[in-house]
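Biologist: Thanks for sitting down with me. Could you walk me through how you arrive at the words you use for this structure?

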Number of protein chains: 2
Amino acid sequence: MPKIDLDAIPQTNATGYPPIYAGEVQGRLYRRLAPSAGLVDFGVSHVTLQPGAWSGQRHWHEGEDEFVVMVVGEAVLVDDHGRTPLKAGDCIAYPKGDANGHHIVNETAEDVVFVVVGAASKSACHYPDINLLLDGPSQTFCRKDGTHF
Amino acid sequence: MPKIDLDAIPQTNATGYPPIYAGEVQGRLYRRLAPSAGLVDFGVSHVTLQPGAWSGQRHWHEGEDEFVVMVVGEAVLVDDHGRTPLKAGDCIAYPKGDANGHHIVNETAEDVVFVVVGAASKSACHYPDINLLLDGPSQTFCRKDGTHF
């Protein structure tokens, strides 16, 4: 059915971050919607942030547009401009190559739900606050000097 | 600011449908979010359906994946499988080439809001219920026999 049965899609908190940076996304539970729905033009993730969880380490993509729509709860968007409160219905966009590191954090005692859209690319992802880099061609995480964890 | 100021983006009910098929989308107010946000990988529209309005004539795209997330209100998804109730948080996906004509209709007395994502393509769009075709290469509307209105 074209209405997606979210409960039928496994939810995971898997992350490729090295353990030193993985604690903040332990409570980030996500479902990848595009594969089961047969979408190929772009990816879609349905994300639940449990209390205290982050959407990811603050980051920006060299080659991938990002769009988020908030669905449930209240969160805070953190980027180079500071902190912006978010509530259900708010829309957020970061164009590729905009070196404005960003993430969404749940500082409340309730779950936050959002949907994020991006078109897959083999581009680098930069993490301004920590010694982490997603290498573009290999799509593996390394330190900023290129050494692996 | 990467949180999109929806109020700053003009809302329109413009349609390219010929007048005979345009009545049902008179109460469909939308904002195109990608251009002002600088997104190019895919398009995003923030859509309000006033009471009685349709998201569009029932249709399917030959070459464009579609994804919708419901944000506010209750609506009905109509497709070849029948009628499916929709509420805030529901996600809907139609992969390109799936000849399952679909649209969302607001049969309530309150506004419905959803966000729809699609990657622009010069592909045909088919309308199973009416004598309408969106021609792929020209992206203009015509009758199914190719004649123009």
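Biologist: Let me begin with a sheet in chain A: which strands form the open sheet, and in what order?

Modeller: Happy to start there, with the reminder that this is a predicted model. Four strands of chain A make up the open sheet, in the order 3-10-11-12, with antiparallel pairing. Strand 3 (60-61) and strand 12 (141-142) are at its edges: each has a single partner strand, so one side of each has no neighbour in the sheet.

Biologist: What makes strand 3 and strand 10 of chain A a pair?

Modeller: Pairing asks for at least two bridges. Strand 3 and strand 10 (residues 125-127) of chain A have two bridges, in the antiparallel sense, and therefore they count as paired. You can find the place by looking for A:Trp60, which stands opposite A:His126 in strand 10.

Biologist: And which strands pair with strand 5 of chain A?

Modeller: Strand 6 pairs with strand 5 in the antiparallel sense over six bridges, and a hairpin of two residues joins them. There, A:Glu74 faces A:Lys87 of strand 6. Strand 8 (residues 102-105) also pairs with strand 5 in the antiparallel sense, over four bridges, with A:Asp79 opposite A:His102.

Biologist: Which side chains of strand 5 in chain A are buried, and which are not?

Modeller: The side chains alternate along the strand: A:Ala75, A:Leu77 and A:Asp79 point to one face and are buried, while A:Glu74, A:Val76 and A:Val78 point to the other and are not. In a regular strand, side chains alternate between the two faces of the sheet.

Biologist: Why is A:Val68 called buried?

Modeller: A residue is buried if 20 or more other C-beta atoms lie within 10 Å of its own. A:Val68 has 27, so it is called buried. A:Val68 belongs to strand 4 of chain A. Leaving aside neighbours within four places in sequence, A:Val68 is in contact with A:Ile92, A:Phe114 and A:Val116. Across the chain as a whole, buried residues make up 36% of the 149 residues.

Biologist: How do you know that the size of chain A agrees with a compact globule?

Modeller: For 149 residues, a compact globule would have a radius of gyration near 15 Å, and chain A has 15 Å, so the two agree. The C-alpha trace spans about 45 × 35 × 30 Å along its principal axes.

Biologist: Now to the two copies. Why are chain A and chain B said to be related as by a two-fold rotation axis?

Modeller: A turn of 180 degrees, with a shift of 0.0 Å along the axis, lays chain A on chain B with an RMSD of 0.0 Å. The copies are thus related as by a two-fold rotation axis. In chain A, the C-alpha nearest that axis belongs to A:Val71, 3.2 Å from it. The same surface serves both copies, as 100% of the contact residues of chain A recur in chain B.

Biologist: How many residues of each chain are in contact, and of which classes are those on the side of chain A?

Modeller: There are 37 residues of chain A in contact with 37 residues of chain B. On the side of chain A, 25 are nonpolar, seven polar and five charged.

Biologist: Finally, what is the confidence in chain A?

Modeller: The mean pLDDT of chain A is 96, and 99% of its residues reach 70 or more. The model scores ipTM 0.95 and pTM 0.96.

Conventions: Residues are numbered from 1 along each chain as its sequence is written. Chains are lettered from A and ligands numbered from 1 in the order in which they are written. This is a predicted model: local features need pLDDT of at least 70, side-chain atom pairs count only at pLDDT 80 or more; totals for chains, interfaces and linings use all residues. Copies are superposed by least squares on the C-alpha atoms of residues with pLDDT of at least 70 in both. Two residues are in contact if their C-beta atoms, placed from the backbone, lie within 7 Å. Ala, Val, Leu, Ile, Met, Phe, Trp, Tyr, Cys and Pro count as nonpolar, Asp, Glu, Lys and Arg as charged, and the others, Gly among them, as polar. A residue is buried if 20 or more other C-beta atoms lie within 10 Å of its own, exposed if 12 or fewer, and partly exposed in between; C-beta atoms are placed from the backbone. The radius of gyration is taken over C-alpha atoms; the globule rule is 2.2 Å times the number of residues to the power 0.38. pLDDT is the predictor's confidence in each residue, from 0 to 100.
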